[in-house]
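Q: Could you take a close look at one part of this model for me, the open sheets and how their strands pair? I would enjoy a connected walk through them.

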Amino acid sequence: MPSGGGPDRRRKAIVIGAVVAVLLAAGGGVYAAVGGDDDGKKPTAAPTTSAPSRPETQDPAPEPTGSGDDTGDREGGESDPNDQRRPGEAKVLYQTPTPEVSKKNVEVPGFWAMKGYVVKAVENKIVAYEDDGGKKWTLSLPKAVCAAPDSTTGGRVVVAYAGHGKDSCSRLALIDLNKGTKVWDHPAPEADSFGGGYSSMGMAQSGDLVGMAWFGGSAVIKVSDGEELSPEKPSAACSIDGYAGGKVLLRAYSCSTGTAKLQQLTPSGSIKWTYTVRKGYKVNNIFSSSPAVVSLIDQDRRSGGILAISDDGKERSSLALGKQSYQPECGTDLFGTTMANCEGVAASADTFYLPTEMTQDHGLGSTSEIHAFDLDTGKRKWTAKAAGRLLLPLNMDGKNLIAYEKPSYTAAGRVVSIGPDGGKPKTLLRLPQATQKTESGFYSATHVYRNGHFYIATDRVTGGSTGEKLLLAFGP
């Protein structure tokens, strides 16, 4: 999912279960919290390192590996990668170079897949790209987009852009993604703002609601007109940690007393239900808002497991993770204000899908798996495997799970489909070897599969490579 603005949201592999990778707020160090056994013993901390995003083992599947030569956008004078297309490979619809930006390592939140086109924000420009690679429209804002939700409402989305002062993500605008126009433009609410700033802004949108949380403050506004709403607020000893959107809007908050809660808001902005997290823990990530699936951490950032919450706010199940290590990819969030910033997870009404970390398979090479969990019982339903590469859930297509087999060092990736009862993944798109290096080279990216097309959109422009791409799009 696209991440919001704020400091350093590079997608990291966060390991949950037997080992939980924790990104410390100070210094960016990585620690592992060793999860407890099924008897509920508390985990203990130990240092570790983050797992690599690509395994060293080559995918043994019968596909050509070649040299991995990359080609670029023809507008830049480079050859068409489809000239090197091999039998069975997907077509490169387009690959868009990164535009010039104000500085290196610029966060570029905001990516939405529409019908027949996608929309990407880069600093103060929001551009719609048609599936043939042409530009549908371009919209300019006064300053750079610094936070954006991943969900839209009727093709409209509220984004935040820079206001006055350093780290002030203090202006809001409603963008019509169908027409490429700005509907309204307002200053962000100042409710509960700490020191008047808006640093580390996180945003989530659902229906006519947008939930926003920043360092020292939070607010809920209406998509239609930007008017601020006033849902019930927690006590003065508590603060809103963040929101997650989509079908419903969830918010999580925690208190200095060690208590924490998860709440669902009604479409009008009132509180529908409240779930009280067990003492000493708080919500760390909201993997899915409907059905509600969340991970917990304690004050030392050790894992409290993964819970499913029912539609009436009761605990539905606690996933039986056991000693297995799981590896969704989540953005680094210094102040924890972006709750729904994890890729590599998916949920249907009754099942939740998690990727495992890469493991060695008895000398046969490295293996990654997806485990499907029953949300009513918390028990594992089935396992799907991929050899030599990470296998990450993307989204649901009816009853089937769509997943991304990430590229290895020498072989391009795939988009696959897994049936409701598991089984061997079925290849939907085998990505071309000609763009393998570009596919592998994104520093941080959002991946979307829609109607047979697969998109990779960068979340950050590093400025460190002349061949750096903003977008890659593939089709059958």
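A: Happy to! Let's start with an open sheet whose four strands follow the order β8-β9-β10-β11 and pair in antiparallel fashion. Keep in mind that the model is predicted. The edges of this sheet are taken by β8 (111-113) and β11 (135-140); each has a single partner strand, so one side of each is left without a neighbour in the sheet. On average, neighbouring strands here are turned by 10 degrees against each other, direction ignored.

Moving inward, strand β9 covers residues 117-122 and strand β10 covers residues 125-130; the two run antiparallel and are joined by six bridges. If you would like a residue pair to find on screen, pick A121, whose bridge partner in β10 is I126.

As background, strands of a sheet pair through backbone hydrogen bonds, either parallel or antiparallel.

Further along, there is an open sheet of four strands in the order β36-β37-β38-β39, with antiparallel pairing. Its edge strands are β36 (391-397) and β39 (422-430), and each of them pairs on one side only. For this sheet, the average turn between neighbouring strands is 30 degrees, with direction ignored.

The edge strand β39 is a good place to zoom in. Five bridges link β39 to strand β38 (residues 414-419), and the two run antiparallel. One residue to follow in this pairing is S417, which has K426 as its bridge partner in β39.

Key
Residues are numbered from 1 along each chain as its sequence is written. This is a predicted model: local features need pLDDT of at least 70, side-chain atom pairs count only at pLDDT 80 or more; totals for chains, interfaces and linings use all residues. Side-chain values use heavy atoms; hydrogens and water are left out. Two strands pair if DSSP finds at least two bridges between them. Axes are lines fitted to C-alpha atoms, for helices over the stretch in contact, and angles run from 0 to 180 degrees between N-to-C directions.
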